[in-house]
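Q: Please take a close look at one buried part of this protein and set it in the context of the whole chain.

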Amino acid sequence: AHHRCLAKRVSAVAPDAVALRDIGDARTLTWRAYGEQVRDVAAGLAGIGVGHGDTVALMMSNRIEFYPIDVGAQHLGATSFSIYNTSAPEAIQYILANSGARVLVCEDRYVDTVRRSGATLDTIVVVDAQPSAQQSGTLTLEQMKSSAAADFDFESTWRAVKPNDVATLIYTSGTTGNPKGVETTHACLLFETTAVSAVLPVEFGDRITSYMPSAHIADRLTCLYMQMVFGTQIT
């Protein structure tokens with residue numbers, strides 16, 4: 001649970017500082033708003049049946065919404081991982097089945113590809129859909145959040161997450177067969193972020209641009225996990 005404890009401390013350092021931004025500050029998210037969204041996402045995911053040890057798949061471009069969704073899933077003790085947006089339907093089906101994911105959070109443009117893959121999912125949550133334009137059988141992000149139980153206990157839920165729980169899966173490219181999912185724990189990620197910072201110090205407010213796919217460990221480590229530990233600003 002230390003990973004989330006750090007994230008909570010980081011968000012309290014300067015709650016009105018910008019944590020996430022688009023190029024040119026077209027959209028920004030402060031640490032305070034980020035923390036609120038993490039709570040809302042965790043409660044919403046729990047409301048649609050995601051719990052400790054479950055797997056949540058994400059499929060989206062580099063966008064602000066990715067961060068509170070992934071971190072919200074982590075606060076449940078769920079394993080949150082990303083699928084390459086360029087994946088063929090066959091690869092999508094294999095990875096979703098192999099990971100055991102029952103929930104996929106994606107952009108509207110990927111819904112048809114996922115359905116063509118034949119993957120079995122309980123829920124598809126679409127981050128950029130409005131209720132009036134959403135595809136049948138999907139939930140909007142707001143609809144997912146509104147499914148939260150009134151008595152959801154955020155504090156006790158994130159405190160139940162253990163260092164050796166699997167935080168994410170990193171799938172190989174599959175050049176010699178089917179992709180293989182590498183299980184990475186919270187403790188492993190904390191070790192790695194600390195090791196990197198020992199060589200190249202990282203401090204609160206340092207800035208980095210997220211441009212690689214979030215299915216790649218390089219982007220997840222240098223942006224998502226570094227931010228949770230040190231409080232960096234991501235574009």
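The request concerns helix 3, and the reply moves from that helix to the chain around it.

Q: Which residues of helix 3 are buried, and what surrounds this part of the model in the rest of the chain?

A: This is a predicted model, in which local features need pLDDT of at least 70, side-chain atom pairs count only at pLDDT 80 or more, and totals for chains, interfaces and linings use all residues. Residues are numbered from 1 along each chain as its sequence is written, and side-chain values use heavy atoms, with hydrogens and water left out.

Helix 3 spans residues 66-75, and 10 of its 10 residues are buried, so the helix is largely enclosed by the rest of the structure. Buried here means under 20% relative accessible area, exposed means over 50%, and partly exposed lies in between (1.4 Å probe, protein chains only). Helices (H or I, at least four residues) and strands (E, at least two) are DSSP runs, numbered from the N terminus. The buried residues of helix 3 are F66, Y67, P68, I69, D70, V71, G72, A73, Q74 and H75. Just after the helix, G77 takes a positive phi of about 85°.

One link from helix 3 leads to strand 5. V105 lies in this strand, which covers residues 103-106, and I69 is one of the residues that V105 touches. A contact means heavy atoms within 4.5 Å. Not counting residues up to four places away in sequence, V105 also touches V56, A57, L58, M59, M60, V125 and V127. V105 is itself buried, with a relative accessible area of 1%. Its C-alpha is 6.9 Å from that of V127, although the two residues are 22 apart in sequence.

The whole chain gives the setting. The protein chain has 9 helices and 11 strands. Its radius of gyration is 17 Å, close to the 18 Å that the globule rule gives for 235 residues, so the chain is as compact as a globular protein of that length. That radius is taken over C-alpha atoms, and the rule is 2.2 Å times the number of residues to the power 0.38. The C-alpha atoms fill a box of roughly 45 × 45 × 40 Å along the principal axes. Of the 235 residues, 48% count as buried. Among contacts between residues at least 6 apart in sequence, 65% join residues at least 24 apart.

Other parts of the chain can be set beside helix 3. Q233 lies in strand 11, residues 233-234, and is buried, with a relative accessible area of 17%. Not counting residues up to four places away in sequence, Q233 touches V18, A19, R21, G205, D206, R207 and I208. D25 is found in the loop between strand 1 (18-21) and strand 2 (28-30). Phi of D25 is near 60°, a positive value in a residue other than glycine. Most residues other than glycine have a negative phi. At 44% relative accessibility, D25 counts as partly exposed.

Finally, a search of the whole structure finds 0 disulfides, a disulfide being a pair of cysteine sulfur atoms within 2.5 Å. The sulfur of C188 is 18 Å from the closest cysteine sulfur, in C223, too far for a bond. C188 is partly exposed, with a relative accessible area of 39%, whereas C223 counts as buried at 1% relative accessibility.
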